[in-house]
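Me: Please pick one part of this model and walk me through it closely. I'd like the surface, the buried side and the neighbours in one connected account.

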Amino acid sequence: MNYFVTGGTGFIGRFLVPRLLDRGGTVYLLVRPGSRGKLEALRSLWGASEEQVVAVEGDLVKTR
């Protein structure tokens with residue numbers, strides 16, 4: 001199963017994403033451009049590859 005998570009680099013995402021990774025599949029994270037470095041650090045912490053945790057760049061605030 002695959003998952004799409006908003007806020008994956010935030011507080012709750014730090015705990016949610018590893019649990020989703022344990023279930024298998026791919027986790028897609030909506031990531032703001034400025035948070036890509038944070039995502040790299042979290043991938044390392046989780047022991048996940050770029051194929052397991054995929055960044056989808058965007059921002060829900062910017063709807064126009």
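Reply: Let's start on the outside: Phe-11, Ile-12, Phe-15 and Leu-16 make a nonpolar surface patch of about 460 Å². (Such a patch takes residues with over 30% relative accessible area and no salt bridge, joining nonpolar side chains (Val, Leu, Ile, Met, Phe, Trp, Tyr) within 5 Å and like charges within 9 Å; a salt bridge puts a side-chain nitrogen of Lys or Arg within 4 Å of a carboxyl oxygen of Asp or Glu; areas are Shrake-Rupley with a 1.4 Å probe, and for residues only the protein chains shown count as cover.) Bear in mind that this is a predicted model, where local features need pLDDT of at least 70 and side-chain atom pairs pLDDT 80 or more, while totals for chains, interfaces and linings use all residues. Numbering runs from 1 along each chain as its sequence is written, and side-chain values use heavy atoms, without hydrogens or water.

Phe-15 sits in helix α1 (helices are DSSP runs of H or I with at least four residues, strands runs of E with at least two, numbered from the N terminus). Phe-15 counts as exposed because its relative accessibility is 53% (exposed is over 50%, buried under 20%, partly exposed in between, with a 1.4 Å probe and protein chains only).

α1 has its hidden residues too: Gly-13, Val-17, Leu-20 and Leu-21 are buried. Their cover includes β1, β2, α2 and β3.

After α1 comes Gly-24, with a positive phi near 95 degrees. Thr-26 then falls in the loop between α1 (11–23) and β2 (27–31). At 16% relative accessibility, Thr-26 counts as buried. Leaving out residues up to four places away in sequence, Thr-26 touches Met-1, Asn-2, Tyr-3, Glu-51, Gln-52 and Val-54 (contact means heavy atoms within 4.5 Å).

Next is β2: 4 of its 5 residues are buried, so β2 is largely enclosed by the rest of the structure. β1 (residues 3–6) pairs with β2 in the parallel sense over 4 bridges (pairing needs at least two DSSP bridges), and Val-5 has Leu-29 of β2 as its bridge partner. β2 also runs parallel to β3 (residues 53–57), joined by 5 bridges; here Leu-30 is partnered by Val-56 of β3.

As for the crossovers, β1, α1 and β2 make a right-handed β-α-β unit (with the strands pointing away from the viewer, the path from the first strand over the helix to the second runs clockwise). β2, helix α2 (residues 36–46) and β3 make a right-handed unit as well.
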